[in-house]
Structure formats: C-alpha cells, structure tokens
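Please read the paragraphs below with the sequence and the model side by side, and find each residue in both as its name comes up.

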Amino acid sequence: MKEIKLKPNKKKRVIIIVFSCLVVVLVVVLIALLYVNGMLGKIHYSPGASSGIVSSEDTTSSKNSPQTDIASLEKQIQDNLKSNSTPLAYDKDVFNVLLIGSDNRADVGGSRSDTMIILSINRKTSRIIMTSLMRDIYLSIPGHSDNRLNAAYAYGGSQLLLQTIQNNFKIKIDKYMSVDFFSFIDIIDKLGGVKITVTDAELPILNSYVTEINLLKGLSPNDGLLLKAGDDLLLTGKQALGYSRIRYVGNADYQRTERQRTVLTKVFTELKGQNIIKQNEILNLLLPDVTTNLSKGELFSLLLSAPAYAKYTLDQDRIPIDGTQHGVVINHMDVLGIDFAKNIAEMQSRIYGKDS
C-alpha cells in the first residue's frame, strides 16, 4: 500500500484544523461545566438542620392501648435494634437517596416530613424503586424516646431522619433531597400539570387543601379549585398537591402514600418527554428550592446519567407491607406497630433485587 505524503502546507493546515477543533471542543466542555456548576450552585447544601419542634399533628387519640400491646410493641423495637450488629444492606450498583417532602407552613409550628420516599436506582436491574415510608411507623429514634417516624425530622432534621431509617430498616441510605410543598406546586405548573384520576369522594378534600394554600398565599379562597371529579384530569400544581395530601378518603395514610407515588411517577414521565430547553427551565425553577447533602460531584454524576436512567423501569413499594402492621395508641397518638423482620426482608428484596 502506497504511503500518502502530505505537502508541508497541507500538513500545516491539517494541524491547524485539528487544533482548532480541539479548542472548540474544550471551550464547549468548559462552558458546559461552568453552566452545570452554576446550576448546582443554586442548590442549598446542608447536612440536615433541625426544626427543633415536634408537632402532635392530626392523628391524636384520647386514650392509650392496653399496656400489654404497648409493651409488646416496645419489645419488638428493641429486639430489632439488638440485631443491628449485622451490616447495613449495601450494593455498589444501588444508589439510595431519601426524598423528603416537608410541610413548611407557618401555622404548623415547625417543619414536618409529610412525605418520605426512598428513591433507589439499581444499575444492575435497570430499575428505579420508589419506597414510601409511612410517617406513623412507631420506632426507635437515636437519642430520643420511641416515637413516630416523622418525629425524627422534627427532632433533628434530615440527618436524624436518615439515621433513624438506617438503624430500624438496615438499609444503607445516607443521602437526601428535600423540597417543600410550595416548590412542588411550581414544578408541576412548569410541566403544564399532571393527569390524575380524581373520585367524587376525593374532590372536596382536594379542594379544601387548595383553599388552605390560597389563604397562605393571600389569594381568593376559591382560586384554582377543581370543578369536577373524573378520569385523567389535568391537575395544576395546587390541585396535585391537594390530591397528594388526601388521607381521609379510602384507606387513610396507606392510600395517601400511594397518591404521592402516583403523582411522582407522572412527574417523572412528564420530565422524560420534555425537550432540553424545557428541562433546563424546570431545573432553574427546582434547584434553588432543593436542600441536599449530595455533593456537587454526586449531583453532576446523576445529571450525566439522567438520559440512561430515564429508560429504567419505575417500580413502587410501601412500608409497611400489607398484613405486617397493627394500630396502637401510645401517649394519645395513633401509631403503627410493624413487623420489622418482614418489612426489612421486603425492602432488601425490592431495592437490591435479591432475597435478604
């Protein structure tokens, strides 16, 4: 094969072209890095602050369960903690982050973690698993007396909530992202709404929450009310939040956590279908209201992997699973006593794709 020799001038032009292309690529990469760094700079980075207040919320009761029931529940909690000498469930191909939806309304006296969902990205099974943790689960809170799960957030913020979940459920999860209710509204409005089926029984409760939001924002009480129930209704941000908070229709908090996962699933689906310009608008809106202990490097890695994750299968789960819980009244609070062994086995099986 005859060797092709370039004339000096041609060789010089080739070198110039190659060098120019490299410069352009480097400039584009640098601009992209500066842009992403600027975007990530909008996020609030925090190890997890404490609100310092525990609210009695709206699940109080006027009596206690029999002492035998309470003693049995306390023993289950302590037995579960004693077996915590075993390592936390961990897999390098599974990334767990706790999504916290906090209620920062001025009238509740402190932030509450009304929504707690473990988002698990399993790169081996190409699945994303959303696991709701019901807020009334009665468990051990490090440094405090036993209480409901969402009391951990009020006592010590995100860090104590993470530690509480790890201690009681033996799942390696040390990262969180927290967004308050009003940010949730803005995100959905930016997406153009989400399609949700609303029943006749859910409609008045949904609208009562919309009215509450309007009063907090200084709007007319009837602003943006949902006018009718029906299938696949396009809900605004306020309406979607109202839907997510319904707990007095259907199966109480069990169904409320299901509604929350339904709305999140719709949001993920809508985000996947948006073009890069619209996604950028949503990120600009969302990031300033996000508080997290993820590093910029970790967030950058998640952003780079987002196109691949968009193709993953999305699964849902809820803890406690059916048949593993019972209601107990302790200190005038309605709480959930659960079978920790069965629920830990369920979480490890679903999140890690293996038997515990």
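A convenient place to begin is Phe-169, which counts as buried because its relative accessibility is 0%. The model in which this residue sits is a predicted one, and every value given here is computed from it. Phe-169 belongs to helix H3, which covers residues 151-169, and it is paired with Phe-340 in helix H10 (residues 340-352), so that distant parts of the chain, 171 residues apart, are linked by the pair. The two ring centres lie 5.8 Å apart and the planes meet at 50 degrees, and the pair is therefore described as tilted, since an angle has to be over 60 degrees to count as edge-to-face and under 30 degrees to count as stacked. Phe-340 is buried as well, with a relative accessible area of 4%.

The structure holds two aromatic pairs, and the other partners to look for are Tyr-309 and Tyr-312. Their ring centres are 5.3 Å apart and their planes stand at 65 degrees, so this pair is edge-to-face. Tyr-309 has a relative accessible area of 13% and is buried, and Tyr-312, at 15% relative accessibility, counts as buried too.

With these rings located, it helps to step back to the whole chain. The chain has ten helices and 13 strands, and of its 356 residues 44% count as buried. Among the contacts in the chain with a separation of 6 or more, 73% are made by residues 24 or more positions apart. The chain exposes about 17900 Å², of which carbon and sulfur atoms supply 58%.

Ile-319 gives a local view of contacts that reach across the sequence. Ile-319 lies in strand S11, which runs over residues 313-319, and it is buried, with a relative accessible area of 0%. Thr-131 is 188 residues away from Ile-319 in sequence, yet the two C-alpha atoms are 7.0 Å apart in space. When residues up to four places away in sequence are not counted, Ile-319 touches, among others, Thr-131, Ser-132, Leu-133, Met-134 and Ile-137, and its contacts also include Phe-169, the residue met at the start, together with Asn-343, Glu-346 and Met-347.

A second residue with a relative accessible area of 0% is the buried Asn-214, which lies in helix H5 (residues 202-217). Leaving aside neighbours within four places in sequence, Asn-214 is in contact with Leu-219, Ser-220, Pro-221, Asn-222 and Asp-223, and also with Lys-238.

Further along the chain, strand S12 (residues 325-330) and strand S13 (residues 333-338) pair in the antiparallel sense over six bridges. Within this pairing, Val-328 has Val-335 in S13 as its bridge partner. The two strands form a hairpin with two residues between them, and in the turn Asn-331 has a positive phi of about 50 degrees.

Charged side chains supply another set of links, for the structure holds twelve salt bridges. In one of them Glu-202 meets Arg-259, with the closest N and O atoms 2.9 Å apart. This pair links distant parts of the chain, with Glu-202 in helix H5 and Arg-259 in helix H7 (residues 252-272), 57 residues apart. Both partners are buried, Glu-202 at 4% relative accessibility and Arg-259 with a relative accessible area of 2%. Arg-259 also lies over the face of Tyr-243, at 5.9 Å from the ring centre.

Which parts of the chain does the bridge between Lys-124 and Asp-91 tie together? The closest N and O atoms of this salt bridge are 3.1 Å apart. Lys-124 lies in the loop between strand S3 (112-122) and strand S4 (127-133), whereas Asp-91 lies in the loop between helix H2 (67-82) and strand S2 (94-103), so the parts that are tied together are 33 residues apart in sequence. Lys-124 counts as exposed at 54% relative accessibility, whereas Asp-91 counts as buried at 10%.

A similar contrast appears where the side chains of Asp-322 and Arg-318 meet in a salt bridge, at 2.9 Å from N to O. Asp-322 is exposed, with a relative accessible area of 62%, while Arg-318 is buried, with a relative accessible area of 14%. Elsewhere, Asp-136, Arg-148 and Arg-247 are joined into one network by salt bridges that share partners.

Technical notes:
Residues are numbered from 1 along each chain as its sequence is written. This is a predicted model: local features need pLDDT of at least 70, side-chain atom pairs count only at pLDDT 80 or more; totals for chains, interfaces and linings use all residues. Side-chain values use heavy atoms; hydrogens and water are left out. Helices (H or I, at least four residues) and strands (E, at least two) are DSSP runs, numbered from the N terminus. Buried means under 20% relative accessible area, exposed over 50%, partly exposed in between (1.4 Å probe, protein chains only). Contact means heavy atoms within 4.5 Å. Accessible areas come from the Shrake-Rupley method with a 1.4 Å probe; for residues, only the protein chains shown count as cover. Two strands pair if DSSP finds at least two bridges between them. Rings of Phe, Tyr and Trp (its six-membered ring) pair if their centres lie within 6.5 Å; planes under 30 degrees apart count as stacked, over 60 as edge-to-face and the rest as tilted. A charge sits over a ring if NZ of Lys or CZ of Arg is within 6 Å of the ring centre and within 35 degrees of the ring normal. A salt bridge is a side-chain nitrogen of Lys or Arg within 4 Å of a carboxyl oxygen of Asp or Glu.
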